[in-house]
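Here's a quick briefing to read alongside the model. Have the sequence and the 3D view open as you go.

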Amino acid sequence: MKYQLLLIFLISSFFNTVLAENLTIGIPIVNTFSATTYKAGSQNWSITQNQNGFIYIANNFGLLEFDGVAWRTYTLSKGNNNLKSVYALGEKIYVGGQNEFGYFARNDQGELTYHSLRSLIEENVSFDEIWNIYQGKRTNEVIFCSHKRIFIYHDGKVETLIPPKNIRYSFYIKGDFISSSPNVGLLNWNEKRILPQYEGTEVLQGHILRSIINFPNGSLLALSHDGKLLINNGEGFKPWMRSIWPNFEKAKINHATLLKDNSIAIATQHNGLFILNENGEIVLHLNKKNGLADMTVYNIFQDQSENLWLAHRNGLSYIELHSPFRLINEKVGIEGGGYSATAYQNELYLGTTNGVYKYSPKLPNNEPHYKRLNIGHTYKLKAIGNRLFQGQHEGLYVINETQNELVSSIKGAWNVLQFNKEKDTFLRGAYDGLYIHKKINKEWITHKIDGFEESARLLALEDENTLWISHGFKGVYKLTIDFDNHKVNSVDFYGKEKGFYSNVLINLFQVNNELLFCGENGIFKYNQKKDQFERDQKFTKILGRERVSCLVNDTHGNVYFIQNNKVGLIYDLNSDNPYVERQLFERINKYISDDLETIICIDPSNVLITAKEGFILFNPRFKRGVQKSIPLSIRSFTNSNGIESNCILVKEDEKIEISYDFNDVTFDYATPYFDGLEYNTYQTFLEGFDKIPKPWNTQNASIYTNLKEGNYTFKVTAKNIYGEVSAQKEIQFEVLPPWYRSPLAYLFYALMACGFTFGIVKLSKLRYSKKWLNIVGQKEQQIVDQDDTIKQLVQEKHDQEISFKNKELALSTFHLTQRNELLTTIKNDLIKVSTKAENVAVAKEIQHLANRISKDIDDEKDWARFKDHFNLIHSDFFEYFKENYPQLSTQELKICAYIKMNMSTKDIANALNLSVRGVETSRYRLRKKLNLDKNIQLTDFIQKVENEVAGSAV
């Protein structure tokens, strides 16, 4: 086994050397942009990039700008907007066109506006197109070159130089001008004098020079329009690489530039782009057939990411030249979807749905070529010993350069394995089971292995007699085979009941000499003691439980995988901290195959990934220059009120103030990183509003509405497809409060609050005082009411007592009257008896008794007692009458008292021992003595007297 690994290593190393020297395997990823995409003219003449990373193109409709997200077109505000040249220097974009030159700079709203320099020269000076723009020696010095005039712009002034006669294109190199002259070839001059001519330039007489490349070592390479290449290493110009001149004679060179790796990119009129290495060999040729937007290339520009922009007669192309990925598809001669590949005898073989192709790095015209060796839907290419097997739908073949050898025409050759017992014996997995193919006397003998009829695409020999087979829709089989007798001795089935999540989508891979089974819910391995499948803890920890459809290791032990149709790479699998690379492959995930996808590690520098169209070539050793800082710009800051909007020019370290009425804000930002630009992501955070940064996403704008007044800082960070993060950009702004929440308003509110508080306090005091007085009044009234109630109660009690006493007095008077009546009756009866008595003594005694009764009926005494009792109840009643009416008799006073006591006339008559008429007569006499009017009742008069008496008493 060690010797086999050593042999593989030596072969792969040699093969790697061959491939590494030839960059013609496949083509880089090319993105094309049409006029309908960038919405301007179809012709593009020149390209540049400014310090922010934005791309600018001289277009026949004006100046194109591309920030990685949006295209914008800026015009010269003149009738002719056809620009021929463009050059970015500092914050300005210098441009040149027909009889016009100047620069674009941003105004206060962030819009590029054109500033013409034509007015700084004489009006009558006429010149043709400005074809080249250079940076001069002095700071901010810019040189504009046309055929007839050269203009030097510096410190707001323009100096005009007139080149020697009969020149075409001029180039500014090493502080001097080199011009193409049809008469002498090359003319070297500066603004003061004509310098000595270059030797060897007579070859260029009659030819138009289109580019001069200044190498870092000081050498100059001159390229003519019709393909003459001359180099000057300090000893004059000499022809260089005559062998490739024919490639450019008809193609016609328009422009050439030196790339950062010292290779040379050449733009042609009729045949696209050529790239030469330092030795002058063509290592890449791209035209419209293999990806460019157009055959005609006017200009080449290498951006900050070391990738190429091409200006076409019709559109633009962006070539991801500095990338670890290249495409091998129909654009280089490979047809169909990729299925398998292998290195065999230092050659690369590719198997697709259309057949087998062999890569030939060089042909006489230095163009890469892929030769088809066999047709048919290829499932497997396998190099075993000195044979290259092709497993395909029509059967199993051995591929040869001249004539292919049919091993078996039995349909469906999924896979083929070396059978270790005999040298020329091989095991094949087919649609309907297993076959043994053995070559005897130059003929292939085929035997079907009985006892297994399932499809066998994924095979792995555990030992000489044990074979594992994974069926994508049924499960895993473990077979014990008697190869000598071509039969299966035992079949063990492993599915859901043996540890797998399900019986479907289980793939078998051999990784670092270990069998792994990738199912629907993770990666499993076989536990022989338990006869059960268990999750592989190492891979589960790294990749989780999502389905892995491909798993393969390289010669260094790193493991490639495809998970959820995305490629990844595990570095240092057996270390304590293995690293998983996914971001790098985002660029090519959209290309990879979705049918029996696989990864083939050809050698340490070449890994092939099957694609929907052909293959993707990945170079793990590719060293991509890591940019120090990913470019990021906040393009605009717009605030609006929902109807009107204001666009504000963003300047660093400047705080922006916006009114509250325009508190809907929008931030537009972009990262001009063009390699996989659709995968650029952004993370934003609005300090003062957001609690946490938003997740990474591809949105290039953030919108916030109805922001409250206060200070905010908007922060944005960009990340490219390779996971490199830009420096954070931020904008500080303040939403001013509305007028009713401004400091002046708050002062006014404070004064109002103080006045209001004072008024409230004052009003409260007044209300409290009023309320207190009201309460006091109520209390006093309550006291008065209580006193009145008490008085009323006392009065009622007094009245009740008087009424009661009156009743007692009336009753007493009534009893007294009855007694007097009774005694009077008895007295009269005794007198009558005494007069009739015959006995004198008895008569005297009866008379004596009658006298005694008369004494008891003493009106004066009874009146005195009645008067005393009456005065207790109605004090001063009799005194009032005595004082005011002294003429009243005792009888009449008694009548007044009895009337006061509400006694009836009859009762009064009984009390006075009078008749009713006698009482009425007495009342009449009493009225006369009192001088009462007829309308006044005697009862009312007496009550009036009572009230006057009571009032005078109080």
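What follows covers a few charged pairs and one serine in a loop.

Keep in mind that this is a predicted model. Charge pairing is a good place to start: the structure holds 28 salt bridges, and three of them are picked out below. After those, we turn to Ser219, which sits in a loop between two strands.

**Arg106 and Glu65**
- Arg106 pairs up with Glu65 in a salt bridge, with 2.6 Å between the closest N and O atoms.
- This pair ties together distant parts of the chain, 41 residues apart: Arg106 belongs to strand E8 (residues 100-106), and Glu65 to strand E4 (residues 62-66).
- Glu65 is buried, at 0% relative accessibility, whereas Arg106 is partly exposed, with a relative accessible area of 32%.

**Glu534 and Lys530**
- Here the salt bridge runs between Glu534 and Lys530, and the closest N and O atoms are 3.2 Å apart.
- Lys530 counts as exposed because its relative accessibility is 56%, and the cut-off for that label is over 50%.
- Its partner Glu534 comes out as partly exposed, with a relative accessible area of 29%.

**Arg587 and Glu678**
- Arg587 and Glu678 make a salt bridge too, with their closest N and O atoms 3.5 Å apart.
- Both partners come from loops in distant parts of the chain, 91 residues apart: Arg587 from the one between strand E52 (579-581) and strand E53 (599-603), Glu678 from the one between strand E59 (664-670) and strand E60 (681-687).
- Arg587 is buried, its relative accessible area being 0%, while Glu678 is partly exposed at 35% relative accessibility.

**A shared network**
- Which residues are joined into one network by salt bridges that share partners? They are Glu65, Asp67, Arg72, Arg106 and Arg635.
- That puts the Arg106 and Glu65 pair from above inside this network.

**Ser219 in its loop**
- Ser219 lies in the loop that runs from strand E17 (209-214) to strand E18 (220-224).
- Is Ser219 buried or exposed? It counts as buried because its relative accessibility is 6%, and buried means under 20%.
- The side chain of Ser219 makes a polar contact of 2.8 Å with the side chain of Asn233.
- With neighbours within four places in sequence set aside, Ser219 is in contact with Ile213, Asn214, Asn232 and Asn233.

Conventions:
Residues are numbered from 1 along each chain as its sequence is written. This is a predicted model: local features need pLDDT of at least 70, side-chain atom pairs count only at pLDDT 80 or more; totals for chains, interfaces and linings use all residues. Side-chain values use heavy atoms; hydrogens and water are left out. Helices (H or I, at least four residues) and strands (E, at least two) are DSSP runs, numbered from the N terminus. Buried means under 20% relative accessible area, exposed over 50%, partly exposed in between (1.4 Å probe, protein chains only). A polar contact is a pair of N or O atoms within 3.5 Å; within protein, one must be able to donate a hydrogen and the other to accept it, and residues adjacent in sequence count only if both atoms are side-chain atoms. Contact means heavy atoms within 4.5 Å. A salt bridge is a side-chain nitrogen of Lys or Arg within 4 Å of a carboxyl oxygen of Asp or Glu.
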